[in-house]
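This report describes one protein model for a reader at the bench. Please keep the sequence and the structure at hand while reading.

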Amino acid sequence: MNAITMPSTRAYDIIDHTYDVVVVGAGGSGLRATLGMGAVGLKTACITKVFPTRSHTVAAQGGIGAALGNMGPDDWRWHMYDTVKGSDWLGDQDAIEYMCREAIPAVYELEHFGVPFSRTEDGRIYQRPFGGHMQDYGKTPAMRACAAADRTGHAILHTLYQQSLKHECEFFVEYFALDLIMDEDGACRGVMAWCLEDGTIHRFRAQTVVLATGGYGRAYLSCTSAHTCTGDGGGMVLRAGLPCQDMEFVQFHPTGIFPAGCLITEGARGEGGYLTNSEGERFMERYAPTAKDLASRDVVSRSMTLEINAGRGCGPNKDHIMLHLEHLGADLLHERLPGISETAKVFAGVDVTKAPIPVLPTVHYNMGGVPTNYHGEALRPTPDNPDATVRGLMAVGEAACVSVHGANRLGTNSLLDLVVFGRAAAHRAAETLKPGASQAPLPPRAGEGSLDRLDRTRHASGGTKVAELRDRMQRDMQSHAAVFRTADSLRDGVAKMRAVWDGMSDMSVSDRGMIWNSDLVEALELQNLMGNAMTTIVGAEARTESRGAQARDDYPERDDENWMKHTLAWCNDAGDVTLGYRPVKMQTLTNEVSVFPPKKRVY
């Protein structure tokens, strides 16, 4: 590791490093990119603010989608159709084709890496049904979710970390990435990071930086995300003057434990679980007569909310719905759903073999993120070229918006997105980068703006604690950018979020130290969350239609004529959001499949 310590003009010493590739984040996509780049001889560093196996991918439960056909007929084109339909026709069909076709080799590759998938009696990978997964272009449910019991993300994450170590990739663990280093030509040249363990500042120079920082679920009060899911990549990109894409599309998972928010996998319904209201009625048959409890997530979440709004919620306050698994039997629950049986016991006090679990739709996934093409290269769209790339910058996983998920992600496509596009980014890097190629010196004063921001935040001495500001942001987002949205609620939400943004100038950080300063970490995370939250709520107010996760009471129909386009959002240092748009890709990569034209979305 060629590290050089440089005295800073401030009180910070800077330790310089040079790598071929620097990956920020060590979840599924970050590790798949890291090991792929290391395997082709690129000198690769992975910066992560938590130990790799603590990344949020570890919490993914139900499975990874791939049309293997182990448990019944399947075809990657059916998977592609389900994904396009799930996306409510906002997904880019070239990228969706790539993901669904590559799903099959990517999953077999995971098996060969050592992922301990559950097995059928004849030894093949076990697959379960999942919401929105259908055979023959939407006719009958398909068995497509490749599962390792209900701990699939855990199994994949540990395996990918072991593979990364095998390829001698270097990890900088418990380092907080601060900002991208951009040059005067608009290329990304590296990243600034702060080592939490000893308080040192590190400047990483690289031919390419890969953002794999995950989602920003913690912009909301109730979410299934870990406390570390603070949209750090989106914050860094927005501060670099680059846009995020489709931020208004935030997925609510139908079954978060009430009121804790912890996830109960859709695999529970895939194994035969079902939802009931206070009258004991299986109400999903009314809203989705064919798919029922296995309709797409936005459909199930809205159906549950409609039941509660109609006074048919459960409990003394009629504020939740019941998920029944007790009829499945203790043996099947122990074999296929051991993790959620334990989670329900701990967080709801429920024995799933005897009683239903109280559930409520909970923020689960961000469809929006850093716009990229299907190689993982970050985009800087212009009116002349909506596919213009940013030299030296890639993004993968939930931090990115390749737009395979469009307006609503299909279940199991998140783990698939991680491995397929982490792998695609590694393939692209192998094509375009030369191991050990000489790199131009960094621009003068590279990273000093980032240190100024760190210093200002560290010495902030206003009257409002970080936790108070964060709580206001989370409550406002939960109230005004939720499952159902209206012009009034969004307009009020934008005004409230502006007030929270302005309130950051009165922030107080009590700990001035540089070693394990959690107060400072949370302040920096709040700055990242606020950029993500502002672009989300402003984009939602502007989009006057209902599509996927964007459900507006005042505009209940999808409007393909005016709104079949991706939202681009830029956010400046003052919190002002500028919107732009780029077209949805209505073309395929090969002639193996035709474009699926828009039609009404029914389950």
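The text below goes from the whole chain to single residues.

**Basis**

The model is predicted: local features need pLDDT of at least 70, side-chain atom pairs count only at pLDDT 80 or more, and totals for chains, interfaces and linings use all residues. Residues are numbered from 1 along each chain as its sequence is written, and side-chain values use heavy atoms, with hydrogens and water left out.

**The chain as a whole**

The protein chain holds 16 helices and 23 strands. These elements are DSSP runs numbered from the N terminus, with helices being H or I of at least four residues and strands being E of at least two. With a radius of gyration of 23 Å, close to the 25 Å that the globule rule gives for 603 residues, the protein chain is as compact as a globular protein of that length. The radius is taken over C-alpha atoms, and the rule is 2.2 Å times the number of residues to the power 0.38. The C-alpha trace spans about 70 × 55 × 50 Å along its principal axes.

Of the 603 residues, 63% are buried. Buried means under 20% relative accessible area, exposed means over 50%, and partly exposed is in between (1.4 Å probe, protein chains only). The accessible surface of the protein chain is about 21,300 Å², and carbon and sulfur atoms hold 50% of this surface. Areas come from the Shrake-Rupley method with a 1.4 Å probe; for residues, only the protein chains shown count as cover.

Among contacts with a separation of 6 or more, 73% join residues 24 or more positions apart. A contact means heavy atoms within 4.5 Å. The chain carries 60 positive and 74 negative charges, and their mean positions are 1 Å apart. In this count Lys and Arg are positive and Asp and Glu negative, while His and the chain ends are left out. Each charge is placed at NZ of Lys, CZ of Arg, CG of Asp or CD of Glu.

**Helices and a loop with buried residues**

Helix α5 covers residues 232-239, and 7 of its 8 residues are buried. The buried ones are Asp232, Gly233, Gly234, Gly235, Met236, Val237 and Leu238. Gly241 follows α5 and has a positive phi, near 85°.

Leu454 belongs to helix α12 (residues 448-458). Outside the residues up to four places away in sequence, Leu454 touches Tyr12, Leu178, Trp194, Ile201, Met514, Leu520 and Leu524. The C-alpha atoms of Leu454 and Ala310 are 49 Å apart, with these positions 144 residues apart along the chain.

Ser414 is part of helix α11 (residues 413-432). Apart from its neighbours within four places in sequence, Ser414 has contacts with Tyr365, His405 and Arg409.

Ala482 sits in the loop between α13 (466-480) and α14 (487-503). Beyond residues up to four places away, Ala482 touches Phe252 and Met477. Ala482 and Phe252 are 230 residues apart along the chain, yet their C-alpha atoms are separated by 8.3 Å.

**Aromatic residues**

The whole structure contains 15 aromatic pairs. Rings of Phe, Tyr and Trp (its six-membered ring) pair if their centres lie within 6.5 Å; planes under 30 degrees apart count as stacked, over 60 as edge-to-face and the rest as tilted. The ring centres of Phe172 and Tyr175 are 5.3 Å apart and the planes are at 80°, so this pair is edge-to-face. Both Phe172 and Tyr175 are buried. One aromatic cluster is formed by Tyr19, Phe172, Tyr175 and Phe204.

**Backbone points**

Most residues other than glycine have a negative phi, and most peptide bonds are trans. Trp89 has a positive phi, near 65°, and is located in the loop between α2 (76-86) and α3 (93-113). Tyr137 also has a positive phi, about 60°, and lies in the loop between β5 (127-135) and β6 (140-146). The peptide bond from Phe258 to Pro259 is cis, with omega near -5°. Pro259 is in the loop between β12 (250-257) and α6 (267-270).

The table lists burial for the residues discussed singly.

| Residue | Relative accessible area | Class |
|---|---|---|
| Trp89 | 0% | buried |
| Tyr137 | 34% | partly exposed |
| Ser414 | 17% | buried |
| Leu454 | 0% | buried |
| Ala482 | 15% | buried |
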